[in-house]
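Colleague: I am new to this structure. Please take me through the terms you use for it.

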Amino acid sequence: MAKSIEIAKGMADFCASKGYVENTAHGIVLAVVRGRAGEIYNLADNWVLTEREWWELLAQKLNWSGKIIPLDEGTPGLNTQQHFVLDTAKIRKSLGYKEIVPVDHALSHTIEWELSNL
């Protein structure tokens with residue numbers, strides 16, 4: 001296993017909304033069953049971490065003791081200063097959406113699936 005992972009500093013600090021598949025499916029069902037036709041609902045899990053924080057969480061789950069090294073180089077074609085975080089307040093308030101699978105379990109299930117489907 002690698003002893004280190006190098007990532008551009010801008011990407012390491014970048015935040016983007018994510019959604020675990022079961023949580024996303026749950027939100028879609030809520031929108032279909034309880035939502036109003038023509039309404040737009042942003043859907044994403046409530047936890048927002050930097051890419052580096054995600055990688056550190058993965059490393060912890062995999063018992064990987066290597067280092068994540070941010071490099072002082074750019075990310076061509078990507079503005080990492082502008083994070084991509086969705087406002088999901090509307091679906092939470094109007095349809096009662098909340099994650100049905102917590103982040104810890106979602107990450108564990110994803111790792112298990114990935115390792116068994118290499």
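Modeller: What follows is a set of questions on terms, each answered with its cut-off.

Modeller: This is a predicted model, in which local features need pLDDT of at least 70 and side-chain atom pairs count only at pLDDT 80 or more, while totals for chains, interfaces and linings use all residues. Residues are numbered from 1 along each chain as its sequence is written, and side-chain values use heavy atoms, with hydrogens and water left out.

Colleague: Why is T80 called buried?

Modeller: Buried means under 20% relative accessible area, exposed over 50%, and partly exposed in between, with a 1.4 Å probe and protein chains only. T80 has a relative accessible area of 10%, so T80 is buried. T80 is in the loop between β2 (67-71) and α4 (89-95); helices (H or I, at least four residues) and strands (E, at least two) are DSSP runs, numbered from the N terminus.

Colleague: What does T80 touch?

Modeller: Leaving aside residues up to four places away in sequence, T80 touches G10, M11, F14 and T75. Contact means heavy atoms within 4.5 Å.

Colleague: What makes V48 partly exposed?

Modeller: V48 has a relative accessible area of 30%, which is in between the two limits, so V48 is partly exposed. V48 is in the loop between α2 and α3, and its C-alpha atom is separated by 5.9 Å from that of S17, 31 residues apart along the chain.

Colleague: How do you know that E51 and K18 form a salt bridge?

Modeller: A salt bridge is a side-chain nitrogen of Lys or Arg within 4 Å of a carboxyl oxygen of Asp or Glu. For E51 and K18 the N to O distance is 2.8 Å, so the pair meets that limit. E51 lies in helix α3 and K18 in the loop between α1 (9-12) and α2, so the pair ties together parts that are 33 residues apart in sequence. E51, at 13% relative accessibility, counts as buried, whereas K18, at 28%, counts as partly exposed.

Colleague: How many salt bridges are found in the whole structure?

Modeller: A search finds seven salt bridges. Among them is R36 with E39, whose closest N and O atoms are 2.7 Å apart. R36, E39 and K90 are linked in a network of salt bridges.

Colleague: Why is R36 called exposed?

Modeller: R36 has 59% relative accessibility, and exposed means over 50%, so R36 counts as exposed. E39, at 29%, counts as partly exposed.

Colleague: What is notable about phi of N63?

Modeller: Phi of N63 is near 55°, a positive value in a residue other than glycine. N63 lies in the loop between α3 (51-61) and β2.
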